[in-house]
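Below are some notes on the fold, set out point by point. They deal with the sheet, the strands at its middle and the helices packed on it.

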There are 2 protein chains.
Amino acid sequence: MAIASRRIVVAVDESEESMYALSWCLKNIVAASATDAAEHGGDARKDTIVLLHARRPRTIYPPMDGTGYLFSADIVEGMERYGAQLSKSVMEKAKQLCAEFPDVVVETRVESGDPRDVICEAVESIKPDILVMGSHGYGPIKRAFLGSVSSHCAQHVKCPVLIVKMPKH
Amino acid sequence: MAIASRRIVVAVDESEESMYALSWCLKNIVAASATDAAEHGGDARKDTIVLLHARRPRTIYPPMDGTGYLFSADIVEGMERYGAQLSKSVMEKAKQLCAEFPDVVVETRVESGDPRDVICEAVESIKPDILVMGSHGYGPIKRAFLGSVSSHCAQHVKCPVLIVKMPKH
């Protein structure tokens with residue numbers, strides 16, 4: 001049964017939940033069809049995973065904070081560097097997980113901004129077959145303050161959305 | 001690659017959206033692995049789909065409605081019969097879709113109650129690998145009044161949730 005290749009966008013961040021979602025998707029959505037493809041001589045489908053990461057936007061640090069201390073250029077630069085390193089290490093970890101599935105094509109995309117906007121805009125332009133996201137599983141109070149990236153995106157994007165929750169240990 | 005069989009709960013109702021979600025799931029989640037199983041001599045995985053339908057609860061009709069007309073026993077019975085027929089035809093249609101995929105085991109479950117509660121309770125007891133739901137894709141105003149069954153369930157169940165939206169034609 002030859003089925004067209006699929007594009008799967010997986011939103012990744014530094015949380016354990018998002019890495020769990022990625023590996024769940026690789027095992028449950030990608031793996032079986034990749035094996036299938038190999039047995040058909042490799043001419044069947046080969047899924048593409050687009051790893052999408054939203055980098056926190058460059059904050060405008062006021063030269064003086066509330067307590068009157070000065071943010072030196074060094075500190076601001078240090079924060080920027082930390083952000084870049086975080087993105088890099090998230091992507092490295094995600095690519096490592098994908099590497100166990102040689103039949104999948106991996107693409108990466110890092111955008112700066114609020115994860116909600118980044119994800120919705122990326123889905124709009126990539127038009128994937130499915131969007132996969134982890135869920136932090138906040139309780140009702142924490143959710144009211146922090147909002148839920150996954151519910152926001154599930155409501156706003158047009159493609160099927162898979163929200164993967166980590167099993168509680 | 002032998003992977004354990006999965007239990008997939010698919011919430012179905014009379015909407016086109018829920019039938020679309022079911023057939024998307026059959027094609028994208030079930031099909032590839034079933035083919036894979038067949039090629040391994042049938043000893044690999046065979047997914048189970050649990051078709052879950054929430055029947056509107058038996059409404060307590062007051063003997064007099066606001067305008068003073070009487071609901072005769074005949075009418076009440078007619079409404080009940082209509083509800084039962086609706087459930088039956090939903091299940092028939094869903095089973096027909098599944099029949100195209102002979103490698104999947106189909107179970108059905110009809111419960112009476114609000115779809116939100118029925119789905120959350122069923123997931124709690126069945127503990128499936130994934131819950132699949134359609135989405136009506138209401139706008140913000142309609143959603144505020146009707147609520148969204150899919151977002152409610154996505155927030156409350158513990159397993160991965162796949163929300164499938166119908167592409168707009």
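**Notes on the sheet and its helices**

1. In chain A, V10(A) stands opposite V132(A) in β4(A). The strand that pairs here with β4(A) is β1 (residues 7-11) of chain A; three bridges join the two, and they run parallel. This is a predicted model, and the points below should be read as a description of that model.

2. On its other listed pairing, β4(A) runs parallel to β5(A), over five bridges. Two of the positions can be named: V132(A) has L162(A) as its bridge partner in β5(A), and L131(A) stands opposite V161(A). V132(A) therefore appears in both pairings, opposite V10(A) and as the partner of L162(A).3. How is β4(A) placed with respect to the rest of the structure? Six of its six residues are buried, so β4(A) is largely enclosed. Burial applies to both faces: I130(A), V132(A) and G134(A) lie on one side, and L131(A), M133(A) and S135(A) on the other.

4. β5(A) is mostly covered too, with five of its five residues buried. V161(A), I163(A) and K165(A) make up one buried side, while L162(A) and V164(A) make up the other. The buried set includes a lysine, K165(A).

5. The two chains are joined through β5. Three bridges link β5(A) to β5(B), and the two strands run antiparallel. L162(A) stands opposite L162(B) in this pairing.

6. Which order do the strands of the sheet follow? It is an open sheet of 10 strands, arranged β3(A)-β2(A)-β1(A)-β4(A)-β5(A)-β5(B)-β4(B)-β1(B)-β2(B)-β3(B), and the pairing is mixed. The edges are formed by β3 (105-112) of chain A and β3 (105-112) of chain B; each has a single partner strand, so one side of each has no neighbour in the sheet. On average, neighbouring strands are turned by 20° against each other, direction ignored.

7. In chain B, strand β4 (residues 130-135) and strand β5 (residues 161-165) pair in the parallel sense over five bridges. One of the positions in this pairing is G134(B), which stands opposite V164(B) in β5(B).

8. Two helices can be placed against the strands. Helix α5 (residues 149-156) of chain A lies across β4 (130-135) and β5 (161-165) of chain A and also across β5 of chain B, and it runs at about 160° to β4(A). In chain B, helix α2 (residues 73-99) lies across β2 (48-55) and β3, at about 160° to β2(B).

9. Within chain A, the axes of helix α3 (residues 115-126) and α5(A) come within 10 Å and cross at roughly 30°. An angle under 35 degrees counts as roughly parallel, so α3(A) and α5(A) are roughly parallel to each other. Their crossing is right-handed. The contact is made by P115(A), R116(A), I119(A) and C120(A) of α3(A) with V149(A), H152(A), C153(A) and H156(A) of α5(A). By class, these residues are five nonpolar, two polar and one charged.

10. For chain B, helix α3 (residues 115-126) and helix α5 (residues 149-156) pack at an angle of about 30°, with axes 10 Å apart. α3(B) and α5(B) are therefore roughly parallel, and α3(B) passes α5(B) in a right-handed crossing. P115(B), R116(B), I119(B) and C120(B) meet V149(B), H152(B), C153(B) and H156(B). This contact has five nonpolar, two polar and one charged residues.

Definitions and conventions
Residues numbered from 1 in each chain as written. Chains lettered and ligands numbered in written order. Predicted model: local features only at pLDDT ≥ 70, side-chain atom pairs only at ≥ 80, totals over all residues. Heavy atoms only, no water. Axes fitted to C-alpha atoms, helices over the stretch in contact; angles between N-to-C directions. Helix = DSSP H or I, 4+ residues; strand = E, 2+ residues; numbered from the N terminus. Parallel < 35°, antiparallel > 145°, perpendicular 65-115°, else oblique. Left-handed = near helix turned anticlockwise from the far one by under 90°. Contact = heavy atoms within 4.5 Å. Nonpolar A, V, L, I, M, F, W, Y, C, P; charged D, E, K, R; others polar. Pairing = 2+ DSSP bridges. Buried < 20%, exposed > 50% of the residue type's maximum accessible area, 1.4 Å probe, protein only.
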